[in-house]
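Student: I would like a close look at one part of this model, namely its charged side-chain pairs. Please treat the matter in one connected account.

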Amino acid sequence: MQQTGQKKSIAGSLLNLIGSGSKRSPAAPQPAPDGDVVQPAAGEGQLENHLGGDEARNYRKYEYDTVAPHVGRSMLEVGSGLGHFSEQFAGRLDYLVVSDNDPYCVGELRTRYEGNDDVEVIDLALPADIEIRQKVDTVVMMNVLEHIKDDVQALRDLAAVTLPGGRIVIWVPGYMQLYGDFDRKVGHVTRYTPKTLEKSVREAGLVPEVLKPINFLGGIAWWFAVRRGGAGYPDPKLVKIYDRTVVPFTRTIERFVKPPFGQTVLCVARVPE
(Lines give C-alpha, C1' and ligand atoms only; values in the text may rest on other atoms or scores of the structure.)
Protein backbone atom coordinates (compact mmCIF):
# COMPACT_ATOMS: atom_id res chain seq x y z
CA MET A 1 0.00 0.00 0.00
CA GLN A 2 1.27 3.50 -0.85
CA GLN A 3 1.97 5.87 2.00
CA THR A 4 0.47 9.39 2.03
CA GLY A 5 3.85 10.93 1.28
CA GLN A 6 4.23 8.74 -1.80
CA LYS A 7 0.80 9.77 -3.08
CA LYS A 8 1.67 13.43 -2.66
CA SER A 9 4.93 12.87 -4.50
CA ILE A 10 3.16 11.25 -7.45
CA ALA A 11 0.57 14.02 -7.54
CA GLY A 12 3.27 16.66 -7.39
CA SER A 13 5.20 15.06 -10.21
CA LEU A 14 2.13 14.93 -12.42
CA LEU A 15 1.36 18.54 -11.58
CA ASN A 16 4.84 19.64 -12.52
CA LEU A 17 4.67 17.75 -15.78
CA ILE A 18 1.30 19.06 -16.93
CA GLY A 19 1.91 22.76 -16.32
CA SER A 20 4.49 25.27 -15.25
CA GLY A 21 2.59 27.19 -12.59
CA SER A 22 -0.18 29.74 -12.61
CA LYS A 23 2.16 32.70 -12.01
CA ARG A 24 4.15 32.14 -15.19
CA SER A 25 3.17 34.32 -18.13
CA PRO A 26 3.62 33.54 -21.82
CA ALA A 27 5.87 35.64 -24.00
CA ALA A 28 4.03 38.57 -25.49
CA PRO A 29 3.38 38.36 -29.24
CA GLN A 30 5.74 40.58 -31.21
CA PRO A 31 4.20 43.03 -33.69
CA ALA A 32 5.07 42.59 -37.35
CA PRO A 33 7.15 45.47 -38.75
CA ASP A 34 5.15 45.78 -41.96
CA GLY A 35 1.71 44.93 -40.66
CA ASP A 36 1.93 41.29 -41.75
CA VAL A 37 -0.03 38.57 -39.97
CA VAL A 38 2.17 36.99 -37.29
CA GLN A 39 2.11 33.62 -35.63
CA PRO A 40 -0.19 33.69 -32.56
CA ALA A 41 1.46 30.71 -30.86
CA ALA A 42 2.67 32.78 -27.88
CA GLY A 43 -0.72 34.38 -27.29
CA GLU A 44 -3.33 33.14 -24.88
CA GLY A 45 -5.64 32.02 -27.68
CA GLN A 46 -3.07 29.47 -28.92
CA LEU A 47 -1.71 28.11 -25.64
CA GLU A 48 -3.26 24.69 -26.05
CA ASN A 49 -1.39 24.20 -29.33
CA HIS A 50 1.71 23.46 -27.22
CA LEU A 51 0.08 20.22 -26.09
CA GLY A 52 0.04 18.82 -29.62
CA GLY A 53 3.07 20.36 -31.26
CA ASP A 54 6.60 19.11 -31.74
CA GLU A 55 7.13 18.78 -27.98
CA ALA A 56 4.35 16.17 -27.75
CA ARG A 57 4.95 13.59 -30.46
CA ASN A 58 3.70 10.66 -28.40
CA TYR A 59 0.55 12.55 -27.53
CA ARG A 60 -0.03 13.42 -31.19
CA LYS A 61 0.39 9.73 -32.07
CA TYR A 62 -2.03 8.88 -29.27
CA GLU A 63 -4.54 11.22 -30.88
CA TYR A 64 -3.94 9.76 -34.33
CA ASP A 65 -4.15 6.11 -33.23
CA THR A 66 -7.40 6.84 -31.41
CA VAL A 67 -9.03 8.75 -34.27
CA ALA A 68 -7.65 7.02 -37.39
CA PRO A 69 -9.79 3.84 -37.21
CA HIS A 70 -12.89 6.04 -37.60
CA VAL A 71 -11.65 7.99 -40.64
CA GLY A 72 -12.68 6.99 -44.15
CA ARG A 73 -11.31 8.19 -47.50
CA SER A 74 -12.24 11.87 -47.28
CA MET A 75 -11.95 14.20 -44.30
CA LEU A 76 -12.68 17.72 -43.15
CA GLU A 77 -10.56 18.76 -40.20
CA VAL A 78 -11.95 21.69 -38.24
CA GLY A 79 -9.36 23.86 -36.51
CA SER A 80 -6.29 22.49 -38.27
CA GLY A 81 -3.87 25.06 -36.85
CA LEU A 82 -0.54 24.57 -38.61
CA GLY A 83 -1.53 21.12 -39.88
CA HIS A 84 0.32 18.89 -37.39
CA PHE A 85 -2.58 16.47 -37.01
CA SER A 86 -3.81 16.26 -40.59
CA GLU A 87 -0.30 15.66 -41.99
CA GLN A 88 -0.36 12.23 -40.35
CA PHE A 89 -3.04 11.21 -42.86
CA ALA A 90 -0.85 12.09 -45.85
CA GLY A 91 -1.19 9.47 -48.58
CA ARG A 92 -4.20 7.80 -46.98
CA LEU A 93 -6.99 10.15 -48.09
CA ASP A 94 -8.46 10.80 -51.52
CA TYR A 95 -9.68 14.24 -50.45
CA LEU A 96 -8.73 16.38 -47.46
CA VAL A 97 -10.15 19.71 -46.32
CA VAL A 98 -8.17 21.60 -43.70
CA SER A 99 -9.58 24.68 -42.01
CA ASP A 100 -8.96 27.34 -39.41
CA ASN A 101 -10.22 30.83 -38.63
CA ASP A 102 -6.86 32.31 -37.65
CA PRO A 103 -5.34 34.26 -40.58
CA TYR A 104 -1.80 33.09 -39.84
CA CYS A 105 -2.79 29.44 -39.67
CA VAL A 106 -4.88 29.64 -42.85
CA GLY A 107 -1.93 31.23 -44.65
CA GLU A 108 0.47 28.55 -43.43
CA LEU A 109 -1.94 25.80 -44.48
CA ARG A 110 -2.24 27.30 -47.96
CA THR A 111 1.54 27.41 -48.25
CA ARG A 112 1.89 23.84 -46.99
CA TYR A 113 -0.61 22.42 -49.49
CA GLU A 114 0.03 24.70 -52.44
CA GLY A 115 -0.22 22.72 -55.68
CA ASN A 116 -1.87 19.71 -54.03
CA ASP A 117 -5.22 19.27 -55.77
CA ASP A 118 -6.34 16.63 -53.25
CA VAL A 119 -6.27 19.17 -50.41
CA GLU A 120 -8.62 22.13 -50.00
CA VAL A 121 -7.90 24.90 -47.49
CA ILE A 122 -10.77 27.01 -46.15
CA ASP A 123 -11.25 29.78 -43.62
CA LEU A 124 -13.92 28.48 -41.24
CA ALA A 125 -15.46 29.75 -38.01
CA LEU A 126 -18.44 27.73 -36.81
CA PRO A 127 -21.41 27.96 -36.79
CA ALA A 128 -21.47 28.73 -40.52
CA ASP A 129 -22.61 27.47 -43.90
CA ILE A 130 -19.65 25.41 -45.10
CA GLU A 131 -18.62 25.56 -48.73
CA ILE A 132 -16.34 22.76 -49.92
CA ARG A 133 -15.93 21.04 -53.29
CA GLN A 134 -17.64 17.83 -52.21
CA LYS A 135 -19.07 16.17 -49.14
CA VAL A 136 -16.75 14.10 -46.96
CA ASP A 137 -17.26 10.82 -45.15
CA THR A 138 -15.47 12.03 -42.00
CA VAL A 139 -15.22 15.24 -40.00
CA VAL A 140 -12.59 15.53 -37.27
CA MET A 141 -12.66 18.16 -34.50
CA MET A 142 -9.67 18.09 -32.17
CA ASN A 143 -10.22 20.47 -29.22
CA VAL A 144 -12.57 22.75 -31.14
CA LEU A 145 -16.18 22.22 -30.05
CA GLU A 146 -15.53 23.51 -26.52
CA HIS A 147 -14.79 26.95 -27.99
CA ILE A 148 -18.22 27.25 -29.65
CA LYS A 149 -21.20 28.53 -27.67
CA ASP A 150 -23.80 27.14 -30.08
CA ASP A 151 -22.24 23.70 -30.34
CA VAL A 152 -25.46 22.08 -31.56
CA GLN A 153 -25.71 24.36 -34.60
CA ALA A 154 -22.02 23.85 -35.31
CA LEU A 155 -22.57 20.08 -35.40
CA ARG A 156 -25.58 20.51 -37.67
CA ASP A 157 -23.47 22.60 -40.06
CA LEU A 158 -20.85 19.86 -40.13
CA ALA A 159 -23.44 17.15 -40.66
CA ALA A 160 -24.69 19.08 -43.72
CA VAL A 161 -21.34 18.52 -45.49
CA THR A 162 -20.93 14.90 -44.33
CA LEU A 163 -22.15 11.99 -46.42
CA PRO A 164 -25.08 9.98 -45.01
CA GLY A 165 -23.62 7.25 -42.81
CA GLY A 166 -20.45 9.29 -42.36
CA ARG A 167 -18.90 10.14 -39.01
CA ILE A 168 -18.01 13.21 -37.00
CA VAL A 169 -15.14 12.56 -34.59
CA ILE A 170 -15.15 14.90 -31.60
CA TRP A 171 -12.22 15.26 -29.18
CA VAL A 172 -12.91 17.72 -26.34
CA PRO A 173 -11.57 18.55 -22.86
CA GLY A 174 -13.46 16.70 -20.15
CA TYR A 175 -15.26 17.57 -16.94
CA MET A 176 -16.06 20.98 -15.49
CA GLN A 177 -14.33 19.96 -12.26
CA LEU A 178 -11.12 20.52 -14.26
CA TYR A 179 -12.18 23.93 -15.59
CA GLY A 180 -9.80 26.66 -14.51
CA ASP A 181 -7.78 29.69 -15.48
CA PHE A 182 -6.19 27.91 -18.44
CA ASP A 183 -9.62 27.15 -19.92
CA ARG A 184 -10.73 30.76 -19.57
CA LYS A 185 -7.56 32.06 -21.18
CA VAL A 186 -7.83 29.83 -24.24
CA GLY A 187 -11.55 30.57 -24.68
CA HIS A 188 -13.20 27.35 -23.57
CA VAL A 189 -16.94 27.82 -23.20
CA THR A 190 -17.19 24.52 -21.35
CA ARG A 191 -15.61 21.15 -20.66
CA TYR A 192 -17.74 18.13 -21.47
CA THR A 193 -18.75 14.89 -19.83
CA PRO A 194 -19.94 11.94 -21.92
CA LYS A 195 -23.48 12.84 -20.86
CA THR A 196 -23.35 16.53 -21.83
CA LEU A 197 -21.59 15.77 -25.12
CA GLU A 198 -24.17 13.12 -25.95
CA LYS A 199 -26.93 15.68 -25.36
CA SER A 200 -25.42 18.11 -27.88
CA VAL A 201 -24.74 15.34 -30.39
CA ARG A 202 -28.28 14.00 -30.24
CA GLU A 203 -29.84 17.48 -30.44
CA ALA A 204 -27.88 17.96 -33.66
CA GLY A 205 -29.53 14.84 -35.08
CA LEU A 206 -26.44 12.65 -34.82
CA VAL A 207 -26.11 9.15 -33.39
CA PRO A 208 -23.22 8.54 -30.95
CA GLU A 209 -21.39 5.29 -31.72
CA VAL A 210 -18.40 5.81 -29.41
CA LEU A 211 -18.60 7.99 -26.32
CA LYS A 212 -16.06 7.74 -23.51
CA PRO A 213 -13.54 9.58 -21.32
CA ILE A 214 -9.86 9.03 -22.10
CA ASN A 215 -6.46 10.17 -20.76
CA PHE A 216 -7.16 9.20 -17.16
CA LEU A 217 -3.73 10.15 -15.77
CA GLY A 218 -3.87 13.49 -17.57
CA GLY A 219 -7.20 14.13 -15.84
CA ILE A 220 -5.70 13.39 -12.42
CA ALA A 221 -2.75 15.68 -13.11
CA TRP A 222 -5.00 18.49 -14.32
CA TRP A 223 -7.27 18.11 -11.27
CA PHE A 224 -4.32 18.68 -8.95
CA ALA A 225 -3.17 21.62 -11.05
CA VAL A 226 -6.58 23.31 -10.85
CA ARG A 227 -6.96 22.62 -7.14
CA ARG A 228 -3.60 24.24 -6.48
CA GLY A 229 -4.56 27.60 -7.88
CA GLY A 230 -5.25 27.16 -11.57
CA ALA A 231 -3.35 25.37 -14.31
CA GLY A 232 -0.40 27.30 -15.66
CA TYR A 233 0.96 27.78 -19.11
CA PRO A 234 2.46 24.67 -20.70
CA ASP A 235 6.24 24.74 -20.63
CA PRO A 236 7.57 22.96 -23.77
CA LYS A 237 10.34 21.25 -21.77
CA LEU A 238 7.86 19.87 -19.23
CA VAL A 239 5.41 18.90 -21.95
CA LYS A 240 8.20 16.88 -23.58
CA ILE A 241 8.86 15.03 -20.30
CA TYR A 242 5.15 14.41 -19.82
CA ASP A 243 4.93 13.19 -23.41
CA ARG A 244 7.77 10.70 -23.01
CA THR A 245 6.69 9.25 -19.66
CA VAL A 246 3.04 9.72 -18.74
CA VAL A 247 1.47 9.38 -22.20
CA PRO A 248 2.88 5.90 -22.96
CA PHE A 249 1.92 4.73 -19.45
CA THR A 250 -1.60 6.10 -19.91
CA ARG A 251 -1.99 4.27 -23.23
CA THR A 252 -0.91 1.00 -21.61
CA ILE A 253 -3.37 1.36 -18.73
CA GLU A 254 -6.30 2.23 -20.98
CA ARG A 255 -5.82 -0.96 -23.01
CA PHE A 256 -6.91 -2.93 -19.95
CA VAL A 257 -8.98 -0.53 -17.84
CA LYS A 258 -11.94 1.61 -18.88
CA PRO A 259 -11.28 4.97 -17.20
CA PRO A 260 -14.12 6.44 -15.10
CA PHE A 261 -13.14 9.96 -16.19
CA GLY A 262 -10.34 11.66 -18.06
CA GLN A 263 -8.83 14.88 -19.27
CA THR A 264 -10.54 14.27 -22.61
CA VAL A 265 -13.90 13.00 -23.85
CA LEU A 266 -14.05 11.24 -27.21
CA CYS A 267 -17.17 10.89 -29.31
CA VAL A 268 -17.67 9.31 -32.72
CA ALA A 269 -21.07 10.37 -34.01
CA ARG A 270 -22.76 8.99 -37.11
CA VAL A 271 -24.77 11.03 -39.59
CA PRO A 272 -28.06 9.19 -40.19
CA GLU A 273 -28.60 7.72 -43.66
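Student: Is Asp94 buried, partly exposed or exposed, and what is its relative accessible area?

Tutor: The model is a predicted one, and the values below are computed from it. Asp94 is partly exposed, its relative accessible area being 46%. This residue takes part in a salt bridge with Arg73, in which N and O are 2.9 Å apart. The pair links distant parts of the chain, with Arg73 in the loop between α2 and β1 and Asp94 in the loop between β1 and β2 (95–100), 21 residues apart. Arg73 is likewise partly exposed, with a relative accessible area of 43%.

The general background is brief. Side chains of opposite charge can pair when their charged atoms come close. Across the whole structure, a search finds ten salt bridges.

Another of these pairs is Asp65 with Arg251, whose closest N and O atoms are 2.9 Å apart. Asp65 belongs to helix α2 (residues 57–67) and Arg251 to helix α8 (residues 236–256), so this salt bridge ties together parts that are 186 residues apart in sequence. Both partners have intermediate accessibility: Asp65 is partly exposed at a relative accessible area of 27%, and Arg251 is partly exposed at 21%. The latter value can be read against the cut-off, because a residue counts as buried under 20% relative accessible area.

A salt bridge within a single helix joins Lys185 and Asp181, with 2.8 Å from N to O. These two residues lie four residues apart in helix α5 (residues 181–185), so about one helical turn separates them. Lys185 is partly exposed at 25% relative accessibility, and Asp181 is partly exposed at 24%. Elsewhere, Lys61, Asp65 and Arg251 are joined into one network by salt bridges that share partners.

Helix α4 (residues 151–159) offers a further view of acidic residues. Seven of its nine residues are buried, so the helix is largely enclosed by the rest of the structure. The buried residues include two aspartates, Asp151 and Asp157, together with Val152, Ala154, Leu155, Leu158 and Ala159. Among the elements that cover the buried residues of α4 are the strands β1 (74–78), β4 (136–142) and β5 (162–173), as well as helix α6 (194–203). Asp151 and Asp157 are thus buried, whereas Asp94 is partly exposed.

Note on methods:
Residues numbered from 1 in each chain as written. Predicted model: local features only at pLDDT ≥ 70, side-chain atom pairs only at ≥ 80, totals over all residues. Heavy atoms only, no water. Buried < 20%, exposed > 50% of the residue type's maximum accessible area, 1.4 Å probe, protein only. Contact = heavy atoms within 4.5 Å. Salt bridge = Lys/Arg side-chain N within 4 Å of Asp/Glu carboxyl O.
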